[in-house]
Amino acid sequence: MEAYLYKNNAMQDQGITITRPWSPEMYEHNARVMTQRRRATRLAMEAALHAGDEEEVRYIARAICAVQHGQGYRIPEIVSDALTTLDAMAGYWMYQETWPALLERGIVQPTQLEFVGYRET
C-alpha cells in the first residue's frame, strides 16, 4: 500500500509530512520522542528513589503501569515493574496517558520533540 497524504493535504508537523499510513520518517521521529521521554521518566524515578519519596515513586509507577501497586508491594518490586512496563510501552500510551500525568504534576519537563501523527485534524 502506498502512503498517501492525510486528507490529501501536505500537512506538516515539526517538519515532517504526515501520511496515512505512517511513513518511515514518522516512525523514526516518534521513536526518538519515546527515547527522550523514557529517559526523562527513568531520571524522574531515580530522583524520587534517591529522595526516598515513596509517594512520588508510586505516582510515577501508576502513571506508567496504569494500575496502583497496593501496600503489599515493596518499592524495588514497584520500580522493577514500572521500568519493565516503560521499556515495552507503546507510543500512544505515552502520548495519551503517561506523559500528560507526569507533566501535570511537574515530575518531568516538556521534551524538545513531540509525537507526530496522533492528532486529529
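Reader: How do you know where the mean positions of the 12 positive and 16 negative charges lie relative to each other?

Author: Happy to explain: this is a predicted model, where local features need pLDDT of at least 70, side-chain atom pairs count only at pLDDT 80 or more, and totals for chains, interfaces and linings use all residues. Residues are numbered from 1 along each chain as its sequence is written, and side-chain values use heavy atoms, with hydrogens and water left out. Lys and Arg count as positive and Asp and Glu as negative, while His and the chain ends are not counted. Each charge is placed at NZ of Lys, CZ of Arg, CG of Asp or CD of Glu, and the two mean positions come out 1 Å apart.

Reader: What makes the span of helix 1 close to the expected one?

Author: The expected span is 1.5 Å times one less than the number of residues. Helix 1 (residues 24–51) has 28 residues, for which 40 Å is expected, and its first and last C-alpha are 41 Å apart.

Reader: Why are residues such as Met 26 and His 29 of helix 1 called buried?

Author: Buried means under 20% relative accessible area (exposed is over 50%, partly exposed in between; 1.4 Å probe, protein chains only). Met 26 and His 29 are among the buried residues of helix 1, as are Val 33 and Arg 37. In the protein, 38% of the 121 residues are buried.

Reader: How do you know how far to trust residues 1–6?

Author: pLDDT is the predictor's confidence in each residue, from 0 to 100. The protein's mean is 91, but over residues 1–6 the pLDDT is below 50. Where pLDDT is low, the predicted coordinates should not be read in detail.

Conventions. Contact means heavy atoms within 4.5 Å. Helices (H or I, at least four residues) and strands (E, at least two) are DSSP runs, numbered from the N terminus.
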